[in-house]
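Me: I would like to go through this model with you step by step, beginning with one residue and widening the view afterwards. Please reason briefly before you settle on each value or name.

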Amino acid sequence: MRNIKKYKQVFFVTIFAFIVCGIIYPLLMTVLAQIIFPKQANGSLIKMGDEVVGSELIGQDFTDPKLFHSRPSAVNYNVYEDGDKYDGLASGSKNLAVSNPNLKKRINEDIDKFIKENPTVSKEDIPEDIISQSGSGLDPHISVKAAQLQVDRVAKNTNLSKENLEQLIKQNTSEKALGIFGEQTVNVLKLNIDLVSEMKK
């Protein structure tokens with residue numbers, strides 16, 4: 001009898017924990033998130049008109065010479081990597097050592113690519129972030145300098161003035177956290193959205 005009573009207690013505690021932790025708590029957090037932080041809870045999505053074009057939190061691989069380009073991504077920003085084959089949700093980097101020849105090769109290729117796209121830029125002026133992969137491979141930001149180095153190319157291909165482009169960069173620059181932590185960054189998707197809007201004027 002004692003064992004049966006003990007098993008009943010364990011059973012009811014398990015059911016109680018399942019209901020509270022598996023149903024009530026997640027539902028409560030979901031409701032609170034939708035009320036307090038609805039944008040963040042739904043993925044911080046960005047729209048152009050009625051169309052969702054991306055998220056503030058996930059980078060994209062922009063290749064159009066009229067647009068500002070993002071930093072390299074080890075997971076290709078989690079899109080179709082091999083034709084129609086989708087490798088599934090992924091984030092991360094290859095975590096290669098500084099001495100690894102594959103890392104040196106990849107960096108040199110990205111430097112050559114950046115200089116080819118932006119011929120007015122010298123190798124010594126290229127900031128580290130525009131040729132390095134972020135820890136997640138999904139970083140939507142670049143440094144202010146990385147954006148500014150692309151102004152000549154974008155101006156040439158859009159016929160917008162450099163002053164106009166510099167202003168767009170400034171509008172999409174996020175300051176340091178609390179004014180002291182981290183660096184100023186530019187969200188490439190937001191910048192390109194403003195750029196497209198400016199081109200349509």
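**A histidine and its surroundings**

Me: Where in the protein chain does His69 lie?
Reply: This is a predicted model, and the place of His69 is given relative to the helices and strands around it. The flanking elements are strand β2, residues 51-55, and helix α3, residues 101-117. His69 therefore belongs to neither of them, and its place is the loop between β2 and α3.

Me: Is His69 buried or exposed?
Reply: A residue counts as buried under 20% relative accessible area and as exposed over 50%. His69 has a relative accessible area of 6%, so the class that applies to His69 is buried.

Me: Which side chain makes a polar contact with the side chain of His69, and at what distance?
Reply: Two polar partners of the His69 side chain need to be kept apart here, and one of them is a backbone atom: the oxygen of Asp64, which lies 2.9 Å from a polar atom of that side chain. The other contact joins two side chains, and its partner also appears in the list of residues that His69 touches, which includes Phe62, Ile130, Arg153 and Glu117. The side-chain partner is Glu117, at 3.2 Å.

**Strand β3 and helix α7**

Me: How far apart in space are the C-alpha atoms of Ile142 and His69?
Reply: Ile142 is in strand β3, whereas His69 is in the loop between β2 and α3, and the two residues are 73 positions apart in sequence. Ile142 counts as buried at 2% relative accessibility, and its contacts include His69, Ser70, Arg71, Gln150 and Val188. From C-alpha to C-alpha, Ile142 and His69 are separated by 8.9 Å.

Me: Which helix holds Val188?
Reply: Val188 counts as buried, at 1% relative accessibility, and among the residues it touches are Phe62, Phe68, His69, Pro140 and Ile142. Its C-alpha atom lies 9.4 Å from that of Arg71, although 117 residues separate the two in sequence. The helix in question covers residues 188-199 and is α7.

**Further along the loops**

Me: What is the relative accessible area of Tyr77?
Reply: Tyr77 is found in the loop between β2 and α3, where its contacts include Gly59, Gln60, Asp61, Arg71, Leu138 and Asp139. Gly92, which lies in that loop too, is 15 residues from Tyr77 in sequence and 9.9 Å from it in space, C-alpha to C-alpha. Tyr77 is classed as buried, and its relative accessible area is 5%.

Me: How far is the C-alpha atom of Gly92 from that of Gln148?
Reply: Gly92 counts as buried at 16% relative accessibility, and it touches Ala74, Val75, Gly135, Ser136 and Gly137 when residues up to four places away in sequence are not counted. Gln148 is not named among those contacts, and it stands 56 residues from Gly92 along the chain. Their C-alpha atoms are separated by 27 Å.

Me: Which loop holds Ser134?
Reply: Ser134 is buried, with a relative accessible area of 9%, and beyond its sequence neighbours up to four places away it touches Arg71, Pro72, Ser93 and Asp139. The strand that bounds its loop covers residues 141-143. Ser134 is found in the loop between α3 and β3.

Me: What is the phi angle of Asn159?
Reply: Most residues other than glycine have a negative phi. Asn159 lies in the loop between α5, residues 151-158, and α6, residues 162-171, and at 70% relative accessibility it counts as exposed. Although Asn159 is not a glycine, its phi is positive, at about 65 degrees.

**The chain as a whole**

Me: What is the radius of gyration of the protein chain?
Reply: The protein chain has 7 helices and 5 strands. For 201 residues the globule rule gives 17 Å, and the radius of gyration is well over that, so the chain is more spread out than a compact globule. The C-alpha trace spans about 85 × 45 × 45 Å along its principal axes. The radius of gyration is 23 Å.

How values were computed:
Residues numbered from 1 in each chain as written. Predicted model: local features only at pLDDT ≥ 70, side-chain atom pairs only at ≥ 80, totals over all residues. Heavy atoms only, no water. Helix = DSSP H or I, 4+ residues; strand = E, 2+ residues; numbered from the N terminus. Rg over C-alpha atoms; globule rule 2.2 N^0.38 Å. Buried < 20%, exposed > 50% of the residue type's maximum accessible area, 1.4 Å probe, protein only. Polar contact = N/O pair within 3.5 Å; in protein donor to acceptor, adjacent residues only side chain to side chain. Contact = heavy atoms within 4.5 Å.
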